[in-house]
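Hi everyone, thanks for coming. I'd like to walk you through one model today, so please have a look at it with me.

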Amino acid sequence: MSRIGNNPVAIPEGVTIDVKDNVITVKGKLGELTQKFESVEITVKDGEVSVARPSDSKEARTNHGLYRSLVKNMVEGVSQGWTKQLELVGVGYRASNQGQKLDLALGFSHNIVLEVAPEVKVETISEKGKNPIIKLTSYDKQLVGQVAAKIRGYRKPEPYKGKGVKFVGEVLRRKAGKSA
């Protein structure tokens, strides 16, 4: 039995959930998300969403916990939102934004200009003596993670000095340099 899939998801105030034709729609103060589902049954009653599997087929077992987690992330996203923070570690590494355009200076011969999706709010924080931070906020957890991974992919942290784009709080596996 799926331990995650059996737990019901509590619906906070201000969030409405609609289930029709294998599509679940979650609306809240921050936005609206939809997700198709298959091989599971989603029911809404008494302020809770529960995910059940109609059979014990392999597909139903694999999707049981997955769709419960997706529904929980949707509910949390439209009520509170999701935030990811990236830190630029390296001499001369800078970030600035004008609206939804993110301008990154990551040690290449040119700056990287990234047009971020309109659902994601971008904020850059630059304080003297500290590494620049890019703050991404949205109601869609998958989209925030995808944008953050794309930015990190431009210059992943290297294992010797730790220079590159890393998540705030990420622990890097460091290597020793060559011995003299």
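I'll begin with the ground rules, then take the record, a sheet with its helix, the cores, and a few single residues.

This is a predicted model, where local features need pLDDT of at least 70, side-chain atom pairs count only at pLDDT 80 or more, and totals for chains, interfaces and linings use all residues. Residues are numbered from 1 along each chain as its sequence is written, and side-chain values use heavy atoms, with hydrogens and water left out.

Let's start with the record. UniProt, in an unreviewed entry, puts the feature "domain: Large ribosomal subunit protein uL6 alpha-beta" at residues 11-81 and 89-166; positions are in the numbering used here, the feature name is shortened, and such annotations may be inferred rather than shown by experiment. Residues 11-81 are 31% helix and 35% strand, with end C-alpha atoms 15 Å apart. For residues 89-166 the figures are 18% helix and 37% strand, and the end C-alpha atoms are 8 Å apart. Helices (H or I, at least four residues) and strands (E, at least two) are DSSP runs, numbered from the N terminus.

Now for the sheet. What is the order of the strands in the open sheet of 3 strands? It is β2-β3-β4, with antiparallel pairing; two strands pair if DSSP finds at least two bridges between them. β2 (16-20) and β4 (32-36) are at the edges with a single partner strand each, so one side of each has no neighbour in the sheet. From one strand to the next, the twist averages 15°. Between β3 (residues 23-27) and β4 there are 5 bridges, and I24 sits opposite Q35 in β4.

Helix α2 (residues 58-79) lies across β2, β3 and β4, and runs at about 170° to β4. Axes here are lines fitted to C-alpha atoms, for helices over the stretch in contact, and angles run from 0 to 180 degrees between N-to-C directions. One residue of α2 is S79. S79 is buried, at 15% relative accessible area; buried means under 20%, exposed over 50%, and partly exposed in between, with a 1.4 Å probe and protein chains only. S79 touches P12, V15, K29 and L30, leaving aside residues up to four places away in sequence, where contact means heavy atoms within 4.5 Å.

On to the cores. A nonpolar core is a set of buried Ala, Val, Leu, Ile, Met, Phe, Trp, Tyr and Cys residues joined through side-chain atoms within 4.5 Å. The largest one has 20 residues, and L88, L102, L104, I134, L136 and I151 have the most contacts inside it. Its largest share, 5 residues, comes from α3. A second, separate core of 19 residues includes V15, V26, L33 and M74.

Strand β12 is a nice one to look at. I134, L136 and S138 point to one face and are buried, while I133, K135 and T137 point to the other and are not. β12 is joined to β7 by 6 bridges, running antiparallel, and to β11 (residues 121-125) by 5, also antiparallel.

Last stop: the loop between β2 and β3, home to D21 and N22. Most residues other than glycine have a negative phi. D21 has a positive phi, near 50°, and N22 has one of about 60°. D21 is exposed at 75% relative accessible area, whereas N22 is partly exposed at 43%.
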